[in-house]
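Welcome! Take a moment to turn the model around before reading on, and keep the sequence at hand.

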Amino acid sequence: MLVQKPLPKFNISALLIFVVLFAACKKDKNILTTSTLITPTTFRTYYVAAEEVEWNYAPTGMNQITGNVFGNKEGTYLQNDTDRVGKKNIKAIYREYTDATFTKLKPQESADMGLLGPVIRAEVGDSIKVVFKNKASFPFSIHPHGVVYDSNNEGITGILPGTTFTYQWAVGENSGPAVRDGSSVGWIYHSHVMEEDNKDIYAGLVGAIVIYRKGYLDQNKPKDMDKEKFALFMIMDENNSLYLSANKAKYTLNHVSNDDPDFQESNLKHSVNGLMYGNCKFTAIKANDKVRWYVMDLGNELDNHTAHWHGNTVTASGSRTDVLYLGPANLLTADMNANNAGNWQFHCHVNDHIAAGMIALYEVK
Ligand SMILES: [Cu+2]
């Protein structure tokens, strides 16, 4: 006997949605042509601008380690005078916006990020799109470490002031955690306009990328951890910033020569996330939180830093320690079980650098 089956209803709107989605996927898949690229499943999109700010290396106006106002030592770097720029400097930093109109700033995820740009997060197998708008007055770029790009997306060409460029990076297996890593691995990104001698880095354009194992990115942290924290140990050498002339003109009225050795020393801002003498304070850590620290370094041969936590130890690459040894442009990941509550120092252990202000605080409540 022949049974007549009802024909399935034809749904025109479902077909339309399918066609639109298919076209969108096709378009995105065409972005990168390097043969090593994986097929993107998820795009993570960020709207990042480079913009000029008046940066303050010690906004509380105090040495938060001693609890005192600035003395002679702090004044060397932070006191403004006719031959000193002091604590306020014009800098260019990366800031995140909500969309392509670049009208609404996204708040930083925490104040302890200091001058660091927004964290760019993705899982292995995703692709990253960064819409970059240069709101500053020099050509700047975004050069990422660790992710996969072709030469158009390497970020070594300056994007002109007032213009926008969209970077597209893939996140392959080689961008994510290896055997001895935890559930995520961090990378640095920074401006990298070669013809400027990397003076764009000293302008302040630095941030972090975090790549998670597939399925581990959970609300801005790995799902097996409670918190993420980011710390850049760097001597911000304002002598080598693109904004040196502007800073001299604005804050010293050009009453000093670039060759004055005391002026040069005063411009070496020994900082954590662009903040000195305890003005960077890592907060929102609760007792027994599992905290993943991403600890970074950039700069030159003086930027060999030994980042040391008081109060708690960490594990890094499977070993127990309380000091990470950093050199220019590396980023180390360390996990802390923050079971010792207190208000603790987190500082570079090089003696000169401590005295010059490379000390932060972290609080475990
Ligand atoms: Cu140091």
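What follows is a walk through this structure, from the overall picture to single residues.

Let's begin with how far the model can be trusted, since this is a predicted model. The mean pLDDT of the protein is 90, and 88% of its residues reach 70 or more. Two stretches call for more care. Over residues 1–10 pLDDT stays under 50, and the model has 1 contact beyond four places in sequence for them. Residues 14–36 also have pLDDT under 50 throughout, with 18 contacts beyond four places in sequence. Where pLDDT is low, the predicted coordinates should not be read in detail.

Now for the whole chain. As you trace the backbone, you can look for 6 helices and 21 strands. The protein has 365 residues, and 50% of them count as buried. How much surface does the protein expose? About 17000 Å², with carbon and sulfur atoms supplying 53% of it. The contacts tell you how the chain is put together: among those with a separation of 6 or more, 74% are between residues 24 or more positions apart.

Next, look inside. In soluble globular proteins, nonpolar side chains tend to be buried together. In this model the largest nonpolar core has 57 residues. Which of them touch the most other members? They are Phe-233, Trp-293, Trp-309 and Phe-346. Strand S11, residues 227–237, gives the largest share of this core, with 7 residues. There is also a second, separate core of 33 residues, which includes Ala-50, Ala-92, Ala-122 and Trp-169.

The metal site makes a good next stop. Which residues coordinate the copper ion? The donors are ND1 of His-305, SG of Cys-348 and ND1 of His-353, at 2.0 Å. Along the sequence these donor residues follow the spacing H-x42-C-x4-H. His-305 and Cys-348 link distant parts of the chain: His-305 sits in strand S15 (residues 305–309), while Cys-348 belongs to strand S20 (residues 342–348), and the two are 43 residues apart. Both His-305 and Cys-348 are buried.

From here we can visit a few single residues, starting with Asn-273. You will find Asn-273 in the loop between strand S12 (268–272) and strand S13 (281–285). Is Asn-273 buried or exposed? Asn-273 counts as buried because its relative accessibility is 0%. Its surroundings include residues from several places along the chain: leaving out those up to four places away in sequence, Asn-273 touches Trp-55, Asp-112, Met-113, Gly-114, Leu-115, Leu-116, Phe-230, Ala-231, Leu-232, Cys-280 and Phe-282. With Asp-112 there is a polar link too, as a polar atom of the Asn-273 side chain lies 2.8 Å from the backbone oxygen of Asp-112.

The backbone of Asn-273 is worth a look as well. Most residues other than glycine have a negative phi. Asn-273 is not a glycine, yet its phi is positive, at about 55°. Ala-284 has a positive phi too, near 70°. Ala-284 is placed in strand S13, and it counts as exposed because its relative accessibility is 52%, over the 50% cut-off.

Return now to strand S11, where Asp-237 lies. With a relative accessible area of 8%, Asp-237 is buried. Apart from neighbours within four places in sequence, Asp-237 is in contact with Tyr-202, Asn-267 and Leu-268. A polar atom of the Asp-237 side chain also lies 2.9 Å from the backbone nitrogen of Asn-239. How far apart are Asp-237 and His-270 in space? Their C-alpha atoms are 8.4 Å apart, with their positions 33 residues apart in sequence counted as separation.

The last stop is Tyr-167, in strand S8 (residues 164–170). Tyr-167 counts as buried because its relative accessibility is 2%. Beyond neighbours within four places in sequence, its contacts include Ile-128, Lys-129, Val-130, Phe-132, Ser-141 and Ile-142, as well as Asn-153, Gly-155, Thr-157 and Ile-159. The side chain of Tyr-167 reaches the backbone nitrogen of Ile-142 at 3.1 Å. As for Asn-153, it is 14 residues from Tyr-167 in sequence, and the C-alpha atoms of the two are 5.4 Å apart.

Technical notes. Residues are numbered from 1 along each chain as its sequence is written. This is a predicted model: local features need pLDDT of at least 70, side-chain atom pairs count only at pLDDT 80 or more; totals for chains, interfaces and linings use all residues. Side-chain values use heavy atoms; hydrogens and water are left out. Donors are N, O and S atoms within 2.8 Å of the metal (3.2 Å for Na, K and Ca); water is not among the atoms, so sites may look incomplete. Helices (H or I, at least four residues) and strands (E, at least two) are DSSP runs, numbered from the N terminus. Buried means under 20% relative accessible area, exposed over 50%, partly exposed in between (1.4 Å probe, protein chains only). Contact means heavy atoms within 4.5 Å. Accessible areas come from the Shrake-Rupley method with a 1.4 Å probe; for residues, only the protein chains shown count as cover. A polar contact is a pair of N or O atoms within 3.5 Å; within protein, one must be able to donate a hydrogen and the other to accept it, and residues adjacent in sequence count only if both atoms are side-chain atoms. A nonpolar core is a set of buried Ala, Val, Leu, Ile, Met, Phe, Trp, Tyr and Cys residues joined through side-chain atoms within 4.5 Å. pLDDT is the predictor's confidence in each residue, from 0 to 100.
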